[in-house]
Amino acid sequence: MYPSDRHYTKEHEWISVSGTTARVGITDYAQQQLGDVVFVELPDVGQTFDQGAQFGSIESVKAVSDLYCPMAGTVVEVNTTLVDRPETVNADPHGVWIIAIELTHPDQTAGLIDAGAYAELVS
Amino acid sequence: MTDAPVAAPLKTPLHGRHLALGAKMVTFGGWEMPLQYAGITEEHLAVRRAAGLFDVSHMGEIEVAGTDALAAVQRISTNDAARLDIGQAQYSALATPEGTFVDDLLVYRLADEHFMLVVNAANIAKDFAWIRDGIQGVGDAVAVNTSSRYALIAVQGPRALEIVQTLTDVDLASIGYYRFATGEVANVRSTISRTGYTGEDGFEIFVAPQVAERLWGALLSAGAPAGLRPAGLGARDTLRLEAAMRLSGQDIDETTSVLEAGLGWIVGWEKPEFVGREALVRQRVAGVTRKLVGFEMIERGIARHGHPVYVGEERVGVVTSGTRTPFLEKAIGLTYLPSAASAPGSECAIEIRGRRVRARVVPLPFYTRARG
């Protein structure tokens, strides 16, 4: 269910680290809780966020949820397909990333949990 | 044994059906109701394209009967109930002396001297007290809260008629819009009303609570081949907003007048007396200073209930309803704007999480079904 190739947060984001960069998305549990996603508010490329800082928001028909950056970093790319097709987050939450960041401290994974712990958290 | 918590939400007779269908439940107006089953978008589109099945048993029913029942209803309801034939319903308001909303409602004329008022779930106790007090001294008329005697199931959408028709001998096509008939649906004694809260054709069916599950099951089975889907409060809200139907407690309340809400057509101006008349007549002569308008976002963003609204640099109010609607695929909403800034095409700005986003006033309703 929850891929073991990445880390998770208790706020229901995932982060997949590759060297000094990482991609960030929301979990299957999060998309289920939200329902049909209709809008993703994305940051600008070049914006820097601390670990745990809000970097955007995601909205379903009924609900708004803040997005938090699992690790500190600078945005190097945003998934612009979400502007026109936000519903892809529902269809493939673990495949569709929202932002890519250049990590400020690539080794600082403190506060993140692994797939097993996350699955337990939301069970 | 322990006592149930005082604030435990009420459950409709169909509660078990919703759980069995895997609904996501939510508390609304003191009731535990289905927010969604498969998803708001899918349910919304099912209603626009085929049909949706709604449990609206949380709605309240208050009956007024007696030889002076008409006079009693005329006093507390803004619309002119004398225009109702037996078997006809009308949209109306319970107004305060200031011409603002206690609630909105449907008035059904069951018989010459017997009316049924269908009110919003969250307001049943308040409305009943208001009505009971309001009709005192009228003469021979008594108000009874009969909410617990009815379950209410709505079938809404372009295929609603053909679906319900498979379960009844009543000629549904002969029931006009805002008319109702009594008869059996799926062998269940029903009052079948051609009304709804979605902007589509459809029926609202009043039945006894103990047979509600039978009717619900029969409608689901009969409708499935035609594309009928169970639909929750989430879709009900996005559907009614596209149709610009006001939501009591949100778009209209005790701070907004019937005229400001654009509902002058539910005021029986020729009635000599009703609660709120003097204030509304005064407002009609002077003109209202603000009006309920529809807007759509020009820039990216979704306006939500409570977001601040600006005209120029002046904060003029808040969004009363707002969402991104599944059928029109636009971010739309309702708000009150100063009359001078309320014409279609005027611009305003919605503050969404600290950022002002441009919006444009558009004519209401946002959505009108194709007829004929």
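In the predicted model, the contact between the two chains draws on 16 residues from chain A and 17 residues from chain B. Together, chain A and chain B bury about 1,400 Å², of which 44% lies on carbon and sulfur atoms. On the side of chain A, the residues that lose the most area to chain B are Phe39(A), Val61(A) and Lys62(A), which together account for 41% of what that side buries.

Polar and charged interactions also cross this interface, where 14 residue pairs are found in polar contact, both residues of each pair being at pLDDT 80 or more. Four elements of chain A, namely α1 (28–34), β4 (37–41), β6 (54–60) and β7 (64–68), each supply at least two residues of the side that touches chain B, and among these β4(A) gives the most, with 4 residues. When the residues on this side of chain A are sorted by class, 7 are nonpolar, 4 are polar and 5 are charged. Salt bridges across the interface of chain A and chain B number 5; one of them joins Glu59(A) to Arg304(B), with the closest N and O atoms 2.7 Å apart.

With regard to the cysteines, the count of disulfides over all chains comes to 0. Two cysteines may be described by their surroundings: Cys69(A) is buried, its relative accessible area being 1%, and Cys348(B) is likewise buried, with a relative accessible area of 4%.

Key: Residues numbered from 1 in each chain as written. Chains lettered and ligands numbered in written order. Predicted model: local features only at pLDDT ≥ 70, side-chain atom pairs only at ≥ 80, totals over all residues. Heavy atoms only, no water. Contact = heavy atoms within 4.5 Å. Buried area = accessible area lost by both parts, 1.4 Å probe. Salt bridge = Lys/Arg side-chain N within 4 Å of Asp/Glu carboxyl O. Polar contact = N/O pair within 3.5 Å; in protein donor to acceptor, adjacent residues only side chain to side chain. Nonpolar A, V, L, I, M, F, W, Y, C, P; charged D, E, K, R; others polar. Disulfide = S-S within 2.5 Å. Buried < 20%, exposed > 50% of the residue type's maximum accessible area, 1.4 Å probe, protein only.
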